[in-house]
Amino acid sequence: MSKRDKHPAKPTPLLRQWQPPVTRSVHATDGSGAYNADHSVKISDFDPGAQPYSIGTKPENKAAVKALAEEIDLLQDVLLADRRHALLVILQGMDASGKDGTLRGVFSHTSPLGVRTVGWKAPTSLELSHDYLWRIHASMPAKGEIVVFNRSQYEDVLVPVVNRNISAEQTRQRYAQINDFERMLTENGTVILKFMLHISKDEQRERLQERIDDPSKHWKFEAGDLEVRRHWDDYQQAYAQLLTHTSTPWAPWTVVPADSKTHRNLMIATVVRDTLQAMDLRYPPPKPELKGVTIK
């Protein structure tokens with residue numbers, strides 16, 4: 001299997017600006033199995049209000065998202081027929097950063113036959129009786145399938161870290177375990193795209209307030225959202241550590257400025273389209289036995 005089969009498309013110079021340095025580290029010697037990163041990511045280096053992929057006005061960007069969604073639909077059809085590859089898209093971000101909106105915007109035209117979404121919640125008692133990656137592995141895409149994660153295995157190095165339920169050593173172990181897990185997936189034909197939806201604290205406040213002010217959006221709001229917001233700085237630090245230690249050559253992170261909903265969708269749709277195009281997808285060869293067959 002070639003590198004092209006195993007990894008996302010080679011990033012463009014523009015995309016590279018929004019990807020943290022990859023973790024080119026070695027296993028620690030303290031027996032933890034963790035990795036020692038040789039750099040440190042700063043969330044403040046990424047502007048949540050930037051629009052690097054914008055092609056003009058908001059209506060023009062919306063039209064571009066629609067066109068990209070239609071392209072993704074066509075490529076997904078070939079992916080399903082080809083059945084040599086699988087695509088996992090991870091959407092990770094703070095509350096109201098737009099994970100649901102991305103699903104609606106980017107995958108609005110794709111067939112449910114080849115695209116599946118998984119929204120991760122707090123683990124059940126059954127899931128807690130296994131290792132934290134057990135439930136994740138069971139939801140991986142099959143060959144020919146696109147699976148989109150709304151939240152992901154990275155919740156297990158965010159929530160317990162902020163709540164101080166796991167130690168620093170356990171956190172480093174989980175970074176290493178996730179890296180190795182994703183490497184195994186890519187070596188077996190799954191391409192992984194990881195998007196961190198980067199929203200500003202002010203924009204999040206406005207979106208949460210909108211959910212409170214609009215009764216039709218009350219279902220989106222939970223009291224726990226406010227508790228998480230009170231720990232904003234802790235979560236930003238946890239994200240910085242996550243990006244530092246788990247952006248690997250086989251599964252790099254892309255930080256997506258998410259203050260603009262339209263631009264967020266435009267950027268992600270562009271990367272998804274480019275990744276599918278780089279897979280060299282093709283329909284299976286014609287069946288000789290069907291040549292000349294006429295249905296009566």
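This tour moves from the confidence of the model to its sheet, its nonpolar core and its salt bridges.

**Confidence**

Begin by colouring the chain by pLDDT, since the structure is a predicted model. The mean pLDDT of the protein is 92, and 92% of its residues reach 70 or more. Next select residues 1–5, where pLDDT stays under 50. For this stretch the model has eight contacts beyond four places in sequence.

**The sheet**

Display the strands 4, 5, 3, 6 and 7. These five strands form an open sheet in the order 4-5-3-6-7, with parallel pairing. Its edges are strand 4 (115–119) and strand 7 (253–257), each of which pairs on one side only. From one strand to the next, the twist averages 20 degrees.

Now select strand 3 (residues 86–93) together with strand 6 (residues 190–198); they pair in the parallel sense over eight bridges. Within this pairing, Leu88 has Ile192 of strand 6 as its bridge partner. Helix 8 (residues 168–187) packs on the sheet and touches both strand 3 and strand 6. The direction of helix 8 makes about 135 degrees with that of strand 6. Return to strand 3 and pick Val89, which stands opposite Leu193 in strand 6.

Strand 6 also pairs with strand 7, in the parallel sense and over five bridges. To locate this pairing, select Met196, whose bridge partner in strand 7 is Val255.

Is strand 6 mostly covered or uncovered? It is mostly covered: nine of its nine residues are buried. Show its side chains: Thr190, Ile192, Lys194, Met196 and His198 point one way from the strand, whereas Val191, Leu193, Phe195 and Leu197 point the other way. Both sets are buried.

**The nonpolar core**

In soluble globular proteins, nonpolar side chains tend to be buried together. Here the largest nonpolar core has 71 residues. Select Leu87, Phe107, Phe149, Phe195, Val272 and Leu276, the residues with the most contacts inside this core.

Centre the view on Phe107. Which residues does Phe107 touch, not counting residues up to four places away in sequence? They are Ile72, Val89, Thr102, Val115, Ile146, Val148 and Val272. Val89 is thus met again here, having been seen opposite Leu193 in strand 6.

**Salt bridges**

Side chains of opposite charge can pair when their charged atoms come close. With nitrogen and carboxyl oxygen atoms required to lie within 4 Å, the count comes to 15 salt bridges.

Select Glu71 and Arg273 first; they form a salt bridge in which the closest N and O atoms are 3.0 Å apart. Glu71 lies in helix 3 (residues 58–82) and Arg273 in helix 12 (residues 261–277), so this pair ties together parts that are 202 residues apart in sequence. Glu71 is partly exposed, at a relative accessible area of 29%, whereas Arg273 is buried, at 16%.

Move next to Lys217 and Glu210, which form a salt bridge with their closest N and O atoms 2.6 Å apart. Lys217 is partly exposed, with a relative accessible area of 22%, and Glu210 also counts as partly exposed, at 38%.

The next stop is Glu227 with Arg230, a salt bridge whose closest N and O atoms are 2.8 Å apart. These residues are three apart in helix 10 (residues 223–230), and about one helical turn separates them. Glu227 is partly exposed, at 36% relative accessible area, while Arg230 counts as exposed, at 63%.

Finally, add Asp274 to the selection of Glu71 and Arg273: salt bridges that share partners join Glu71, Arg273 and Asp274 into one network.

Terms used. Residues are numbered from 1 along each chain as its sequence is written. This is a predicted model: local features need pLDDT of at least 70, side-chain atom pairs count only at pLDDT 80 or more; totals for chains, interfaces and linings use all residues. Side-chain values use heavy atoms; hydrogens and water are left out. A salt bridge is a side-chain nitrogen of Lys or Arg within 4 Å of a carboxyl oxygen of Asp or Glu. Helices (H or I, at least four residues) and strands (E, at least two) are DSSP runs, numbered from the N terminus. Buried means under 20% relative accessible area, exposed over 50%, partly exposed in between (1.4 Å probe, protein chains only). pLDDT is the predictor's confidence in each residue, from 0 to 100. Contact means heavy atoms within 4.5 Å. Two strands pair if DSSP finds at least two bridges between them. Axes are lines fitted to C-alpha atoms, for helices over the stretch in contact, and angles run from 0 to 180 degrees between N-to-C directions. A nonpolar core is a set of buried Ala, Val, Leu, Ile, Met, Phe, Trp, Tyr and Cys residues joined through side-chain atoms within 4.5 Å.
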